[in-house]
Every structure is written in C-alpha cells, then in structure tokens.
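Me: I want to go through this structure in questions and answers. Let us start with one pair of strands and move on from there.

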Amino acid sequence: MGLRVLVIEDEESIADFVVRGLREEGFVVTHAADGESAWHELQTASWDVVLLDWWLPGLDGLTLLRRFRQRERATPVLFLTARDAVSDRVRGLDAGADDYLCKPFAFDELLARVRALARRRDGVGTVLQSHGVRLDLATQRAERTGRPLDLTAKEQALLLFLLRHPGEVLSRTRIYEHVWDERYDGLSNTLEVHVMDLRRKLEAHGPRLIHTLRGRGYLFGDAPGTPAEAPP
C-alpha cells in the first residue's frame with residue numbers, strides 16, 4: 001500500500017513480527033523502541049498510522065499519546081498493549097487513541113485494523129490521482145485512464161510517493177529512503193529497476209510520466225520544458 005506506519009514497541013520479538021509483516025504487505029515502516037526516540041519520530045515525520053505500546057522505556061505510551069494529540073489530531077493511533085482491563089481501554093481512548101488491540105493478537109486482525117484506520121483518516125477511501133493516474137489505497141487498485149495497473153507492492157509504494165509529489169524533482173536518495181525506508185548507499189540499482197518496471201506499466205496506457213533528470217533524480221508529470229496549458 002505504501003502507507004507510512006510508525007511502530008512504537010520495545011519488545012524486540014513483537015516489534016520484529018509486526019514490522020516484517022507490515023513491510024511484506026507493502027507498508028513503509030519505521031520502528032522506535034523507546035519513548036524518546038518515538039517522540040522524535042512523531043515530531044519530525046508524518047505518519048498515516050501509528051502503532052503504540054503502553055509500557056515503554058522513558059516516556060510511556062499514554063504520555064506520548066497525550067503529547068502527540070496536543071499537536072496532531074488527524075493521525076490515527078492504535079494502542080497495542082497487554083493491558084486489557086476496561087478501565088485501561090477507556091484511559092487510552094480518552095487520551096486520544098483511535099483503536100485498541102490487546103496482546104497477544106493475530107496479525108490478520110492487526111492488518112485489518114491498520115487498513116481501517118488508514119481509510120478512516122481520509123474518509124471513505126484514500127485516493128490519490130494526477131495526470132490520469134489514480135491510486136486507491138483502500139482497495140489497493142491502481143489505474144491509468146481507467147485501465148487497471150498490475151503493480152507489485154513496491155511499485156505501488158513508489159507510485160504513491162510520486163503521486164504525492166507531482167511536478168517535483170525527487171532525488172534518488174529521497175525516493176529510496178521513503179519507499180524502502182533504508183539509507184541509500186548510491187550503489188544499489190534497486191530503485192532504477194523498479195522505476196523502469198513501473199514506467200513500462202504506465203506507458204502501456206499513455207505517454208511517459210516518469211522522467212529521469214540526469215544528476216538530479218526523477219520527476220512525475222509532464223516532461224520538463226512542456227509549456228503549461230493556458231487557462232480557459
């Protein structure tokens with residue numbers, strides 16, 4: 001799906017299970033293992049969904065949530081915790097959580113809840129579109145001029161990032177670190193291969209939309225130098 005998820009969890013086994021599972025589903029996932037690093041991530045990046053443990057080293061989850069809600073009301077937060085008492089659920093929801101899932105949990109249920117929260121954030125569906133390309137994150141359907149595109153999870157995540165920044169010059173480093181959530185070493189050709197494959201699928205239904213700018217990166221939209229259409 002390409003949605004950005006922050007997983008705040010100090011138990012290594014649970015964090016690994018959740019992070020690997022979400023990445024396999026095409027999410028872009030960042031992990032924070034303590035309250036201080038989590039607060040840094042919450043302040044310095046935007047997220048589509050936040051998964052939050054209650055007990056954390058440093059700042060606890062409830063304190064983090066209250067701080068976060070003072071500055072950000074829209075981002076959905078799902079509490080993941082072993083605290084299953086009704087009073088605890090009430091405290092978490094009153095502090096600003098959108099949902100509550102008790103440990104242990106099935107990954108399929110977690111995945112369904114994450115997708116539901118992502119849809120809730122933007123209404124019935126999360127749809128991005130530009131230059132005849134449409135991506136519905138709720139249904140995971142991509143199309144160009146009404147024709148479906150058969151995309152892999154990473155191709156869809158790449159398309160999502162491009163659709164969020166039409167007309168912008170995007171460096172390879174910026175794209176790689178957002179879509180793959182890893183530091184770009186300048187040596188891997190992973191990005192180039194995925195751009196080539198996505199470009200081929202898009203161009204099966206129209207002119208080129210992903211343009212390579214030598215030494216600068218990529219641009220999604222009209223070819224550089226194309227005059228803007230005059231207003232009617």
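Me: How many bridges join β6 to strand β7?
Reply: Strands are DSSP runs of E with at least two residues, helices are runs of H or I with at least four, and both are numbered from the N terminus. Two strands pair if DSSP finds at least two bridges between them. β6 and β7 (residues 133-136) run antiparallel, and serine 130 has valine 133 as its bridge partner in β7. The number of bridges joining β6 to β7 is 4.

Me: What pLDDT does the protein chain average?
Reply: This is a predicted model, in which local features need pLDDT of at least 70, side-chain atom pairs count only at pLDDT 80 or more, and totals for chains, interfaces and linings use all residues. Residues are numbered from 1 along each chain as its sequence is written, and side-chain values use heavy atoms, with hydrogens and water left out. pLDDT is the predictor's confidence in each residue, from 0 to 100. At least 70 is reached by 90% of the residues, and the chain averages 86.

Me: Over which residues does pLDDT stay under 50?
Reply: Contact means heavy atoms within 4.5 Å. Where pLDDT is low, the predicted coordinates should not be read in detail. The stretch with pLDDT under 50 has 0 contacts beyond four places in sequence, and it covers residues 228-232.

Me: Which strands stand at the edges of the sheet that contains β6 and β7?
Reply: This open sheet of 4 strands has the order β6-β7-β8-β9, with antiparallel pairing. Each edge strand has a single partner, so one side of each is left without a neighbour in the sheet. The twist averages 25 degrees from one strand to the next, with axes fitted to C-alpha atoms (for helices over the stretch in contact) and angles running from 0 to 180 degrees between N-to-C directions. The edge strands are β6 (127-130) and β9 (147-149).

Me: In the sheet of 5 strands, what is the order?
Reply: Strands of a sheet pair through backbone hydrogen bonds, either parallel or antiparallel. The sheet of 5 strands is open and its pairing is parallel. Its edge strands, β2 (28-32) and β5, each pair on one side only. The order is β2-β1-β3-β4-β5.

Me: Which residue is the bridge partner of leucine 78 in β5?
Reply: Strand β4 (residues 77-81) and β5 pair in the parallel sense. They do this over 4 bridges. In β5, the partner of leucine 78 is aspartate 99.

Me: Which strands does helix α2 touch as it packs on the sheet?
Reply: Helix α2 covers residues 35-44. Its direction makes about 160 degrees with that of β1. The strands touched by α2 are β1, β2 and β3.

Me: Is glutamate 9 buried or exposed?
Reply: Glutamate 9 lies in the loop between β1 (4-8) and α1 (12-24). Beyond its neighbours within four places in sequence, its contacts include Ile14, His31, Asp53 and Lys103. Buried means under 20% relative accessible area, exposed over 50%, and partly exposed in between, using a 1.4 Å probe on protein chains only. At a relative accessible area of 1%, glutamate 9 is buried.

Me: Which salt bridge partner does aspartate 53 have?
Reply: A salt bridge is a side-chain nitrogen of Lys or Arg within 4 Å of a carboxyl oxygen of Asp or Glu. For aspartate 53 and its partner, the closest N and O atoms are 3.2 Å apart. Aspartate 53 lies in strand β3 (residues 49-53) and the partner in the loop between β5 (99-102) and α5 (107-121), so the pair ties together parts 50 residues apart in sequence. Both residues are buried, and the partner of aspartate 53 is lysine 103.

Me: How far apart are the closest N and O atoms of aspartate 98 and arginine 69?
Reply: Aspartate 98 is in the loop between α4 (86-95) and β5, and arginine 69 is in helix α3 (residues 61-71), 29 residues apart. Aspartate 98 is partly exposed at 29% relative accessibility, whereas arginine 69 is buried at 6%. The two form a salt bridge, with the closest N and O atoms separated by 2.8 Å.

Me: What is the relative accessible area of arginine 20?
Reply: Arginine 20 and aspartate 16 meet in a salt bridge (2.9 Å, N to O). Both lie in helix α1, 4 residues apart, about one turn of the helix. Aspartate 16 is partly exposed at 38%. Arginine 20 is also partly exposed, with a relative accessible area of 45%.
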